[in-house]
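Q: Please take a close look at one part of this model, the parallel sheet, and describe how it is built and how it sits within the chain as a whole.

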Amino acid sequence: MNVHVWHGHARRVGVLAGCTALVLGLTCTTAQAHTPSHRDPARRTLPAGDGWASHGSGTTGGAAADAAHVRTVTDWAQFTAALTEGGDAPRIIKVKGTIDAVADGCDALAVPGYDFDAYLEAYAPETWGLERDLTDEPDDSPEGLRRASAAHQDAAIKVNVPSDTTIIGVGRDAGIKGASLQIKDVDNVIVRNLTLESPVDCFPQWDPTDGDRGNWNSEYDTVVVYGSTHVWLDHNTFTDGAHPDSAAPTHFGMLYQQHDGELDIVKGANHVTASWNVFTEHDKTILIGNSDSESTAAGDRGKLKATFHHNLFENLTERTPRVRFGQVDVYNNHFVAGSGYGYSFGVGKESQLVAEHNAFTLPRGVSPAKVLKRWNDAPLTARHNLVDGRPVDLIAVHNAEIPEETLRSGAGWTPTLRRTVHPAWAVPALVRLGAGAGRLR
């Protein structure tokens, strides 16, 4: 592990030109450290020691694919075919341009007879009430027709990514729009250099019994790592794109929610590295471990190990990430909060979060105490972090301002799978220059 850490303001470069030169130097060092000798980016593998995905057998994706199993795709039909053809052989899928899983729009997924206005009329709180859910509604009811339409969308946009696969964008403008990538019960997957626009749930469900006022519930995460091992997500941009929550309407007095998560790591998934990505314009961003239930815990304990480094988290509400059970290492990330900021790190059941050498930029009047959110009593390590350029003990300030949710210090483990640790003051510029789709070197 190469560690480059500077402490104290006195050692910062004194003039802007010098600081810029140093940051650019750090960027070049990092790029070299993460660029294997192979010239083809599609055959690059995760470097040794680069986060939890490098543990054990490491992560090579489809690097061993022969020429017959390398495909360049330009539309959704070609992409889904490339995922299913070729048996169990390693594969490389190169995405050129932006491919859209719902190019024909939501109306093309609706079953005959489905009408949203009829749905609103049938289940308005003033007529339906807030005491009954919609579980028993028949198939020919507005809810039944919504269920059938939702099943169409589910089948249309969810795709399973096989083991030993690399999916990589070609050039600076490659992306996948409106899809849900399911990395489920497989091993050894790489996803790089893609703008991933969150799928829009065309048919959210109204639940009158959710909370005191009812709520809209949506499906479809952008990427789901479910029971899988050795997954590397690198230089991607996760975004709501043309459909941000801020532009969503309200119905029955509640936000018409059409997004779920950007990245979920659940159901015993293990050994994941997310590096140099941008996560932006979203609400419930990253969930690690999806339940507190004992039945789920049996499969999650000792797993859900993930590393997040050199990512930009910008204009997000919460869950960056929210953690249950896993040993999760979060270092050298930049968190830029917006007006709807809730929290960054969710401390959940039996979590072992280590958050070090990160930079936070908070709006005026937002306290650093909000960075941490306690959902359950679990210890964490939070050291050498900067908030608006100043060192802050995140646990101490949280406990001082929110004593009813006291957090304990000391996650009980020390990360070793780190290649380069930069000083937190350099992180904003490094990440701004290097993170996201279109910035592979």
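A: Two strands are taken to pair if DSSP finds at least two bridges between them. On that basis, in this predicted model, 10 strands form an open sheet with parallel pairing, in the order β2-β3-β6-β9-β14-β19-β22-β25-β28-β31. The edges are occupied by β2 (70–73) and β31 (381–383); each has a single partner strand, so one side of each is left without a neighbour in the sheet. From one strand to the next, the twist averages 10°.

One pairing within this sheet may be examined in detail. Strand β3 (residues 91–95) and strand β6 (residues 165–169) run in the parallel sense and are joined over five bridges. Val 95 has Gly 169 in β6 as its bridge partner. Helix α2 (residues 76–84) lies across β2, β3 and β6, and its direction makes an angle of about 170° with β3.

A second sheet provides a point of reference. It is also open and consists of 10 strands, in the order β4-β7-β10-β15-β20-β23-β26-β29-β32-β33, but its pairing is mixed. Its edge strands are β4 (98–100) and β33 (390–391), each of which pairs on one side only. Within this sheet, β7 (residues 175–177) and β10 (residues 195–197) pair in the parallel sense over three bridges, and Gly 175 stands opposite Thr 195 in β10. Helix α8 (residues 427–434) lies across β23 (312–318), β26 (334–336) and β29 (359–361), running at about 85° to β26.

Both sheets belong to a chain with eight helices and 34 strands. The UniProt annotation "domain: Pectate lyase", from an unreviewed entry, covers residues 140–366. That span is 10% helix and 44% strand, and its end C-alpha atoms lie 49 Å apart.

At the level of the whole chain, the C-alpha trace spans about 70 × 60 × 45 Å along its principal axes. A compact globule of 441 residues would have a radius of gyration near 22 Å, and the chain agrees with this because its own value is 22 Å. Of the 441 residues, 54% count as buried. Among contacts between residues at least 6 apart in sequence, 74% join residues at least 24 apart. The accessible surface comes to about 18100 Å², of which 50% belongs to carbon and sulfur atoms.

Technical notes: Residues numbered from 1 in each chain as written. Predicted model: local features only at pLDDT ≥ 70, side-chain atom pairs only at ≥ 80, totals over all residues. Heavy atoms only, no water. UniProt positions renumbered as here; feature names shortened; annotations may be inferred. Helix = DSSP H or I, 4+ residues; strand = E, 2+ residues; numbered from the N terminus. Contact = heavy atoms within 4.5 Å. Axes fitted to C-alpha atoms, helices over the stretch in contact; angles between N-to-C directions. Rg over C-alpha atoms; globule rule 2.2 N^0.38 Å. Buried < 20%, exposed > 50% of the residue type's maximum accessible area, 1.4 Å probe, protein only. Areas by Shrake-Rupley, 256 points an atom, 1.4 Å probe, with all protein chains shown as cover.
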